[in-house]
Amino acid sequence: MMAEKKILVVEDSLMVSKVLHHLLSQNPLFTPVLCACYKEAQENFTGVEDTYFAAIVDLNLPDAQNGEIVDLILASKVPCIVLTGTFDDSLRLRLLNKGVLDYVTKDSRYSFGHVIKVVERLSKNQGTKVLVADDSATSRRFINSLLQQYRFNVIEVENGQEALAKLEGDPSIRMLITDHNMPLVNGYDLVRMLRYNSRFQDLVIIGLSAEGDNTLSAKFIKAGANDFLKKPFFHEEFHCRIVRSLEAQEMLETIRNLANVDPLTKLKNRRYLFEQGEQLIRNASSPVSLVMMDIDHFKAVNDTYGHIVGDDLLKFMGLEIASAFPDMLACRFGGEEFCLMTEIDAGELMARLNRFLESLRSKEFTEAKIALTCSVGVCVRGSGFLEEYVRVADANLYEAKRQGRDRIVSDL
Ligand SMILES: Nc1nc2c(ncn2[C@@H]2O[C@H](COP(=O)(O)OP(=O)(O)OP(=O)(O)O)[C@@H](O)[C@H]2O)c(=O)[nH]1
């Protein structure tokens, strides 16, 4: 279970705190703690600051009308978002400089949505690893403190070579923030090396350029950086830029996922198989086998129980396949037909497929308690072309159906 994230809301308007409570409660991760005045906030917060994930505060409270609540929150490390009725540019700047994450005015209904987005972003940031590469300890510390304020998970290195080693060793690092002037490998060369390697295509890279160097930012972008920042920068701009780049990357990954995954079974789709299958055959160190599986008499399920139950059965089949063959490329080939590709030894594959059919025979699926079997065609002696594997496996599947279903036919 994921840990709950307590959000302190300090707000004297009942209407506003109701709206915030409602919006925060939509996310199962967040537990809002509502306080109507400074004193109540103090009682709930002091001594247990580190149990809070973030705070949303009003500046004008009945017992503290001059933003004293901000000082209470900022004395801890809890991110503080101000939601206020007054728009005052100089106050806004003063509070941002003090360490407030955002200053939002309650001038429209969108303001509340914006505040929730900021908290949600913080929650996402917490799981996001960021590598900071800079040879200046002062600069590293400064960037680190900014990132920590936004709850990012930060790792520091002193030069490009160390950055490469860290990135090679930890594929979960999402973002690199790199200075240019560093010993061993400089920032620009680092970006070029990373982008040359397809493993790092999805890494978000932000370059840092020193003041006065006007050519460096364009060089960074041309080498493949997502964005750059000129030092010195204002922390609000820093955050806006890195979040914008992260969100663009997340969107790209969502689109890619939608293009490659079958929405019903959550297995990879046929498009993905044809895109990756050929490469899998080419790069494999041992012979590849391809398996076609087809649920028996599936039309009868639809005809008897309706399409919704039919869909449920396909979902169950997807789960069964994913849990029985987690080490293989598994996809929904279409309709009630599924496909596996693997490099494992053919004998072992046959044994696992037999166990799989056996396990299906002993189960019942969906609320209608449907018994299910499937027929399997296997190709272990493919010519090296994906289409050939598919053709042979399909012919064997047809043969398995012809012989009476619920069996495996292979070219072994
Ligand atoms: N519910 C549901 N049905 C689907 C889906 N895709 C294909 N089908 C149905 O799957 C059925 C496949 O029927 P057939 O190809 O005749 O095969 P079968 O009844 O499984 O018989 P055999 O393969 O010969 O054992 C058709 O009725 C399709 O409408 C889907 O996404 N959801």
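1. Which of the 17 residues around the ligand come nearest? In this predicted model, they are Phe298, Lys299, His307, Gly310 and Gly335. Sorted by class, the shell around the ligand comprises 7 charged, 5 polar and 5 nonpolar residues. Three elements, β12 (289-295), α12 (298-305) and α13 (307-324), each contribute at least two residues to this shell.

2. The overall division of the protein is as follows. Domain 1 covers 5-124, domain 2 covers 127-259 and domain 3 covers 268-410. Between the C-alpha centres of domain 2 and domain 3 the distance is 42 Å.

3. An unreviewed UniProt entry carries the annotation "domain: Response regulatory" for residues 6-121 and 129-246. In the span 6-121, helix accounts for 42% and strand for 22%, and the end C-alpha atoms are 15 Å apart.

4. One open sheet is built from 5 strands in the order β2-β1-β3-β4-β5, with parallel pairing. Its edges are formed by β2 (30-35) and β5 (102-105), each of which pairs on one side only. On average, neighbouring strands of this sheet are turned by 20° against each other, direction ignored.

5. Within that sheet, strand β3 (residues 52-57) runs parallel to strand β4 (residues 80-84), and 3 bridges join the two. Ala55 has Cys80 in β4 as its bridge partner. Helix α5 (residues 110-126) packs on the sheet and touches β1 (5-10), β2, β3, β4 and β5. The direction of helix α5 makes about 160° with that of β5.

6. Another open sheet of 5 strands has the order β7-β6-β8-β9-β10, and its pairing is parallel. Here the edge strands are β7 (153-157) and β10 (227-230), each pairing on one side only. Neighbouring strands in this sheet are turned by 20° against each other on average, direction ignored.

7. Strand β9 (residues 204-209) pairs with β10 in the parallel sense over 4 bridges. Opposite Ile206 stands Asp227 in β10. Two helices that pack on this sheet may be noted. Helix α6 (residues 137-149) touches β6 (129-133), β7 and β8 (173-179), and its direction makes about 170° with that of β7. Helix α10 (residues 235-260) touches β8, β9 and β10, and its direction makes about 155° with that of β9.

Conventions: Residues are numbered from 1 along each chain as its sequence is written. This is a predicted model: local features need pLDDT of at least 70, side-chain atom pairs count only at pLDDT 80 or more; totals for chains, interfaces and linings use all residues. Two strands pair if DSSP finds at least two bridges between them. Axes are lines fitted to C-alpha atoms, for helices over the stretch in contact, and angles run from 0 to 180 degrees between N-to-C directions. Two residues are in contact if their C-beta atoms, placed from the backbone, lie within 7 Å. UniProt positions are given in the numbering used here, feature names are shortened, and annotations may be inferred rather than shown by experiment. A residue is near a molecule or strand if its C-beta atom, placed from the backbone, lies within 6 Å of it. Ala, Val, Leu, Ile, Met, Phe, Trp, Tyr, Cys and Pro count as nonpolar, Asp, Glu, Lys and Arg as charged, and the others, Gly among them, as polar. Domain bounds come from an automatic or database domain assignment.
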